[in-house]
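Hi,

Here is the structure I said I would pass on. Have a look at it first, and my notes follow underneath.

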Amino acid sequence: MGATKKHLFSVNQNLISNIAKAYAHHARIAIIEYLLAVKSAHADQMLEYIPLAQATVSQHLEQLQRSGII
């Protein structure tokens, strides 16, 4: 993909874009639903609910944290 031109847009526009990107993956939606249901969780417990490898779940959690969602 080509280079982005984030510098042409406001901080708020970039923030909203980053949040939208974080929500745009089915695994992240599953993680958010799980966290809302249990209010807090250990990563090992989450793996019982989300059928992905631990490393993959960790990467998705990191993206959700970077975007400020969790």
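Arg66 and Glu62 sit four residues apart in helix 4, which is about one turn of the helix. Their side chains meet in a salt bridge, with 2.6 Å from N to O. Bear in mind that this is a predicted model, so that distance is computed from predicted coordinates. The salt-bridge count comes to one. As for how covered the two partners are, Arg66 is exposed, with a relative accessible area of 56%, while Glu62 comes out at 44% and counts as partly exposed.

Now for the residue that caught my eye: Arg28, in helix 2 (residues 26-38). Arg28 is buried, yet it has no salt bridge. Which side chain of opposite charge is nearest to Arg28? That would be Glu62, but it is 9.8 Å away, and a salt bridge needs a side-chain nitrogen of Lys or Arg within 4 Å of a carboxyl oxygen of Asp or Glu, so this pair does not qualify. What Arg28 does have is a backbone oxygen to look at: the one of Lys21 lies 3.3 Å from a polar atom of the Arg28 side chain. Leaving out residues up to four places away in sequence, Arg28 touches Lys21, Ala22, His60, Gln63 and Leu64.

His60 is the next stop from there. This histidine belongs to helix 4 (residues 54-66), and it counts as buried because its relative accessibility is 8%, where the limit is under 20%. With the same sequence neighbours left out (up to four places away), the residues touching His60 are His25, Ala27, Arg28, Ile31 and Leu52.

His25 is worth a click as well. You will find it in the loop between helix 1 (11-23) and helix 2. Is His25 buried or partly exposed? It is partly exposed, at 26% relative accessible area. If you want a distance across the fold, the C-alpha atoms of His25 and Leu61 are 12 Å apart, with their positions 36 residues apart along the chain.

For another such pair, try Val38 and Ala53. Val38 lies in helix 2 and is partly exposed, with a relative accessible area of 35%. The C-alpha atoms of Val38 and Ala53 are separated by 20 Å, and the two residues are 15 apart along the chain.

Stepping back to the whole chain, the protein has four helices and zero strands, so read along the sequence the pattern is α-α-α-α. The radius of gyration is 14 Å, well over the 11 Å that the globule rule gives for 70 residues, so the protein is more spread out than a compact globule. Along its principal axes, the C-alpha trace spans about 40 × 25 × 15 Å.

Some totals to finish. Of the 70 residues, 23% count as buried. The accessible surface comes to about 5200 Å², and carbon and sulfur atoms account for 58% of it. Among contacts between residues at least 6 apart in sequence, 44% join residues at least 24 apart.

If you only open one spot, I would start at Arg28, which is buried without a salt bridge and touches His60.

Cheers

Terms used. Residues numbered from 1 in each chain as written. Predicted model: local features only at pLDDT ≥ 70, side-chain atom pairs only at ≥ 80, totals over all residues. Heavy atoms only, no water. Helix = DSSP H or I, 4+ residues; strand = E, 2+ residues; numbered from the N terminus. Buried < 20%, exposed > 50% of the residue type's maximum accessible area, 1.4 Å probe, protein only. Lys, Arg positive; Asp, Glu negative; His and termini not counted. Polar contact = N/O pair within 3.5 Å; in protein donor to acceptor, adjacent residues only side chain to side chain. Contact = heavy atoms within 4.5 Å. Rg over C-alpha atoms; globule rule 2.2 N^0.38 Å. Areas by Shrake-Rupley, 256 points an atom, 1.4 Å probe, with all protein chains shown as cover.
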